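Work through these short exercises with the structure open beside you. Try each task before reading its solution.

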Amino acid sequence: MTSSLRFRAAVVSIVLFAAFLGIWHLATRPTAATTTMSPEYAKLMGLTATQGKSAMPGPSDVGAKLWEHLRQPFYDNGPNDKGLGIQLGYSIARVGLGYLLAVIVAIPLGFLIGMSPLISRAIDPFIQILKPISPLAWMPLALYTIKDSSISAIFVIFICSVWPMLLNTAFGVAAVRKEWINVARTLEVGTVRRAFTVILPAAAPTILTGMRISIGIAWLVIVAAEMLVGGTGIGYFVWNEWNNLSITNVIIAILMIGIVGMLLDQILARFTRMVTFPE
Amino acid sequence: MSTFDNPFDPNRRLHAGGCSCGQHVSEAEHQAAQLQVQSAIESEQKRYEGVVASAVMRAIFPQDVARRAFLKSVGAATAAAALSQFFPLKTATEAFAQGGPLEKKDLKVGFIPITCATPIIMAAPMGFYAKNGLNVEVIKTAGWAVIRDKTINKEYDAAHMLSPMPLAITMGAGSNPIPYTMPAVENINGQAITLSIKHKDKRNPKDWKGFKFAVPFDYSMHNYLLRYYLAEHGIDPDTDVQIRAVPPPEMVANLRADNIDGFLGPDPMNQRAVFDGAGFIHILTKDIWEGHPCCAFAASKEFVTTMPNTYGALLKSIIEATAYAHKAENRKEIAAAIAPANYLNQPPIVLEQILTGTFADGLGNIVQQPNRVDFDPFPWQSFAVWIMTQMKRWGQIKGDIDYAGIAAQVYLATDAAKLMKEAGLTPPAATTKSFSVMGKTFDPAKPEDYLASFKIRKAS
């Protein structure tokens, strides 16, 4: 029964996708040239102006360009022109670093907040104010104070991905069942051991949910940050192609950003399943 | 007068129209013919001597007429000899051409992907940096504010900037005051007012009330020229129209999407709007102010003073590249060199149209304007003074301004003057020239009078 459901879902997905491609193709068909131009003049003009080619690329344009990129993902033609693979690599490395810093700060701090109601109340107003700040608002400040654009980008990822992790960790730790902690107390388990053997496993699913939200935010942030500071990365690639008004490449980059984001999310989803246990 | 003209030639025409020898239609053609003869016999070294001697000659005789009278009476050879009597031309040339050991070889230079940056960019693929012993990476940057921050942060050793930016940075308008220098102008002319194709019948600026315009940055020649042009036609740029700062690539997209009615932007965006059928070129900025500066090569004062030899080599590369770009016959080659994704990332045909000056105007005509964009590095301090009058006119800076002082500090036309000081001479204060913008003559000695003569200005 489930396999048949899965099969039917796949069929519907494919039909939807085909319909999407079809509509896209129809919507971006070239219109006939409207004005007559002298051949010399036409030579100086682009296809949009001469042949009425749509300013939006069709699915076949995107497909052909995508194939071109996939065949050569790691070329390097100097500082401003690198393959899609290299650009994604830069972005993933930046996200990885900023995220790792966030994990190092957020999880111990989250434990502290979760275990101590006093600190929880004291720190709460700061978290509430800092949490909703957009990554791009941090960027000029970071550039100005850190004075290094790539470290600024990493800092922005850190600052934006730290809050969901912090809040989820604190919540997970605070919500560990009192019975379990009391049992541990009765058995005279020390604080550190109690944190690692009782609280951590119990709070792990909540912590990992926070981490999963954070990685999604980090990946959102990197594209915006790289568009702003430039240099390398997939965000820079989008900006560079936008500069060239190449919508085809922008669409390909968007697709890539989506795929990598999904993969990052799936990796953490798998970890979450590993630490979840039935009660 | 272009830096690459020969100031030792008493017969050189000072105004356009015909050439000095009478055998060519225009001065440009005359020069092209002469250059061909000259370049065969002239070595690189020779050209430096020329550049240095020209700068000194100009510094001593800032007035074209006075220089001409002097040359007429004593002859060019005597003038050059006399000059070298009290100014060590040879030493200065050597200092300029060789310098000492380079303090730093690997440099990063930021640029914005527009044709104004041509000399900075082409110097990398065409080997001008390498020839002077430098390993320069030219880095594409996302916007003017980012280029400002990255240069202030010293991520870049030097950068492509808009010519008003070093002034603004030095004066602390729009950022903290940091002493900045502009040793060379990148390009002169090279911008245009582009309007949406739907306005092709509204060619009179008086009909533009309510229009929405875009310029790339508040502190830009684009902003000042657009405001000037509008105001001369009786449109108050602050109240009758809307002027927004928009990054150049978004100008074309916004024009197509009908969000703006036009823009005064850098190329390739004007030509790109034509190429994509979204707009037409209303007027080239060279027809507003022939020979106006636009973008610049800028470095912090700190870089200039702590690494004089590297700075010298870098400036030399830029001036060489500018000289190469000045020649019309090299323009196609340059267009091909800077078109790839690593640099401007544009269709080569678009860049070719801009650099050669034979272009489609978007209304069905092929226009020929060989000096649509030109390259001339001499940072006339009167340019700086004009820019400051406009900054004050539109309320970007307030109060009393030491026009000449700031101009001299930032626009390093004084490189020659500095060498003269070292030789124990008193350099003349003027490294300025007079010019006219839309028929109105600007006297750099009286900026406040000039400013007061405008009817439309921001009340302050």
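**Exercise 1.** In which loop of chain A is Glu188(A) found? Then look at its phi.

*Solution.* The model is predicted. Start with the place: Glu188(A) sits in the loop between helix 9 (178-186) and helix 10 (191-229) of chain A. Next, the angle: phi of Glu188(A) is near 55°. That is a positive value in a residue other than glycine. Most residues other than glycine have a negative phi.

**Exercise 2.** Is the peptide bond from Asp267(B) to Pro268(B) cis or trans? Locate Pro268(B) as well.

*Solution.* Omega of this bond is near 10°. The bond from Asp267(B) to Pro268(B) is therefore cis. Most peptide bonds are trans. Pro268(B) belongs to the loop between strand 9 (262-266) and helix 12 of chain B.

**Exercise 3.** Examine helix 6 of chain A: find its span, then where it bends.

*Solution.* Helix 6 covers residues 117-130 of chain A, 14 residues. From first C-alpha to last it reaches 20 Å. This is close to the 20 Å expected at 1.5 Å a residue. Now the bend: helix 6 of chain A turns by about 40° at Ile123(A). A proline, Pro125(A), follows within four residues.

**Exercise 4.** Which residue forms a salt bridge with Lys65(A)?

*Solution.* The partner is Glu68(A), with the closest N and O atoms 3.5 Å apart. Both residues lie in helix 4 (residues 59-71) of chain A. They are 3 residues apart, about one turn of the helix. An α-helix has 3.6 residues a turn, so residues three or four places apart point the same way. Over all chains, the whole structure has 13 salt bridges.

**Exercise 5.** Describe the interface between chain B and chain A.

*Solution.* Count residues: 40 of chain B are in contact with 32 of chain A. Take the area: about 2900 Å² is buried, and carbon and sulfur atoms give 54% of it. Check polar links: 4 residue pairs are in polar contact across the interface, while the count of salt bridges there is 0. Several elements of chain B supply at least two residues each, including strand 2 (135-140) and helix 8 (144-152). Helix 11 of chain B gives the most, with 5 residues. By type, the chain B side divides into 19 nonpolar, 11 polar and 10 charged residues.

Definitions and conventions. Residues numbered from 1 in each chain as written. Chains lettered and ligands numbered in written order. Predicted model: local features only at pLDDT ≥ 70, side-chain atom pairs only at ≥ 80, totals over all residues. Heavy atoms only, no water. Expected span 1.5 Å × (residues − 1). Bend = angle between axes of the 7 residues up to and from the residue. Contact = heavy atoms within 4.5 Å. Buried area = accessible area lost by both parts, 1.4 Å probe. Salt bridge = Lys/Arg side-chain N within 4 Å of Asp/Glu carboxyl O. Polar contact = N/O pair within 3.5 Å; in protein donor to acceptor, adjacent residues only side chain to side chain. Nonpolar A, V, L, I, M, F, W, Y, C, P; charged D, E, K, R; others polar.
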